[in-house]
Amino acid sequence: MHRSPGPDATRSQRWLARLSFVLAGLAVAVLVVFAGVRSFAILAVVLVGAVLTLGAAYFFLSRRGVVRWVSAAVVVLAPIAVLVAHAIAGLLWVAILAVAVWVLAGVTARLALAGDRKRDWRMPEYPARPPAAHPFFIMNPRSGGGKVGQFDLKRKAEGLGAEVFLMEGPEEVDVDAVARGVDLLGVAGGDGTQALVAEVAAEHGLPFVVITAGTRNHFALDLGLDREDPAASLDALTDGVELHVDLGVIGGQTFVNNASFGAYAEVVQTPEYRGDKMGTTLQLLPDLLQGHEGARLEARADGTRIEAPQALLVANNPYGMGDVAGLGRRARLDGGVLGVIGVNVDSAHQAVGLLRGAHSTGVSVLTTRQIEITADAPRIPVGIDGEAVRLPTPVQCTIRPGALRVWVPRHRPGVPRPKPEMSWARLRQLAFGR
């Protein structure tokens, strides 16, 4: 009896899925044919090497002294030892060939699953009108290593009829210009400044322009803007389109990217972090990972509890989980939900389990419209769009769907299509039917 692979499956999807299983089988056949019984030794050595490397990495981060440096040596030497063992056995080329075929199997599997991706993965665009008669830009000359001056942003904005306010120091941004009849707000600065002005723009229903003059420009990246040419963002005034973007809210404060709790937030709070990021992180992580320092957190959302996460990220719309790093891009910022990722790694065993990515028992991934974070401390450190603050507990995070009207250039790099998450169950369904 014919078993359908699903109503939405295309012919190319079905054959790519079948090809991926053929290649996976071929990778195993390469080991068996050319290595015989020694193929089991190859797999065992590779698996042991991976487990040792990840376990040692956990001990490197969570311990100090001799244990830390022995672990560092294992992290470096374990992969080398795997290669040497295969070379001595004369099986290095077999292992490389098998890995290459396995990689091809993974590529074809991703291509097959790519057909399941939503066709409406881009945010809808609306006309950017009426044209702004009195745009007002706030620019931080120090942001991004001085990009405002390097790209002559003040002069170019003024040439388009904009009023420009240059921030002189760390004081609060002046947004009183709204009372003077300003009809568009824009920012050339970091994500923290972007969030502050975006909140004002949203409250007054004004369009908002992002100029990519920050250091990392995460918000601009997920809007598809050109981070290499900040001046190109000004094209939004003359040939732009409008996006309706969500805003995150934490404790009454707006964020455009994310709010982080736990280990990262604890580390960035220390005065030494700015001068020595690596050294400070390595010094503090052992106590944080072992629970000797920092508040014990708990998060609750829609009946789900995340208990004692060492790191918790609450994002304005979820990050993609289809890449190796686990955190990708946000293809859309208008989903009306928060993306939540909690990580709890208490042992080397759980660290090894992270090889399973989002499916690891040490990783919690969910979406929600509201989440509450409690702790065994009256105040906890939080990183809000990269800025270190301390907030009273419990901390509430919510989402404001479509709160911000963002004007972006019509012609811009854009956001790449999201990568599909690997699902062997779906792949089997495509290849062999239900």
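**Helix α12, its partner α1, and the strands around β15**

In this predicted model, helix α1 passes helix α12 in a left-handed crossing. The two helices pack at an angle of about 115°, and their axes lie 7 Å apart. Angles of 65 to 115 degrees count as roughly perpendicular, and α1 and α12 are therefore described as roughly perpendicular to each other. On the α1 side, the residues that meet α12 are Gln13, Arg14, Ala17, Arg18, Ser20 and Phe21. Their counterparts in α12 are Trp424, Leu427, Arg428, Leu430, Ala431 and Phe432. Sorted by class, this contact brings together seven nonpolar, two polar and three charged residues.

A closer look at α12 itself is a helpful next step. This helix covers residues 424-432, and its buried residues are Arg426, Leu427, Gln429, Leu430 and Ala431. Of these, Leu427, Leu430 and Ala431 also appear among the residues that meet α1. The cover over the buried residues of α12 includes α1, residues 11-35, as well as α4, residues 92-114. Just after α12 comes Gly433, which takes a positive phi of about 90°.

Helix α1 also contains Ser12. With a relative accessibility of 47%, Ser12 counts as partly exposed, because a residue has to be over 50% to be exposed and under 20% to be buried. Ser12 and Gly115 are 103 residues apart along the chain, yet a separation of 8.8 Å is found between their C-alpha atoms.

Attention now turns to the strands. Strand β15 spans residues 379-384, and five of its six residues are buried, so this strand is largely enclosed by the rest of the structure. In a regular strand, side chains alternate between the two faces of the sheet. Two pairings involve β15, one with β8 and one with β16. Strand β8, residues 258-262, pairs with β15 in the antiparallel sense over two bridges. Within this pairing, Ser260 stands opposite Gly383 of β15.

The pairing of β15 with β16, residues 387-392, is likewise antiparallel and is made through six bridges. Here Ile384 stands opposite Glu387 in β16. Together β15 and β16 form a hairpin, with two residues between the strands. One of the residues in that turn, Asp385, has a positive phi of about 50°.

Conventions: Residues are numbered from 1 along each chain as its sequence is written. This is a predicted model: local features need pLDDT of at least 70, side-chain atom pairs count only at pLDDT 80 or more; totals for chains, interfaces and linings use all residues. Side-chain values use heavy atoms; hydrogens and water are left out. Buried means under 20% relative accessible area, exposed over 50%, partly exposed in between (1.4 Å probe, protein chains only). Helices (H or I, at least four residues) and strands (E, at least two) are DSSP runs, numbered from the N terminus. Contact means heavy atoms within 4.5 Å. Two strands pair if DSSP finds at least two bridges between them. Axes are lines fitted to C-alpha atoms, for helices over the stretch in contact, and angles run from 0 to 180 degrees between N-to-C directions. Angles under 35 degrees count as roughly parallel, over 145 as roughly antiparallel, 65 to 115 as roughly perpendicular and the rest as oblique. A crossing is left-handed if the near helix is turned anticlockwise from the far one by less than a right angle, and right-handed if clockwise. Ala, Val, Leu, Ile, Met, Phe, Trp, Tyr, Cys and Pro count as nonpolar, Asp, Glu, Lys and Arg as charged, and the others, Gly among them, as polar.
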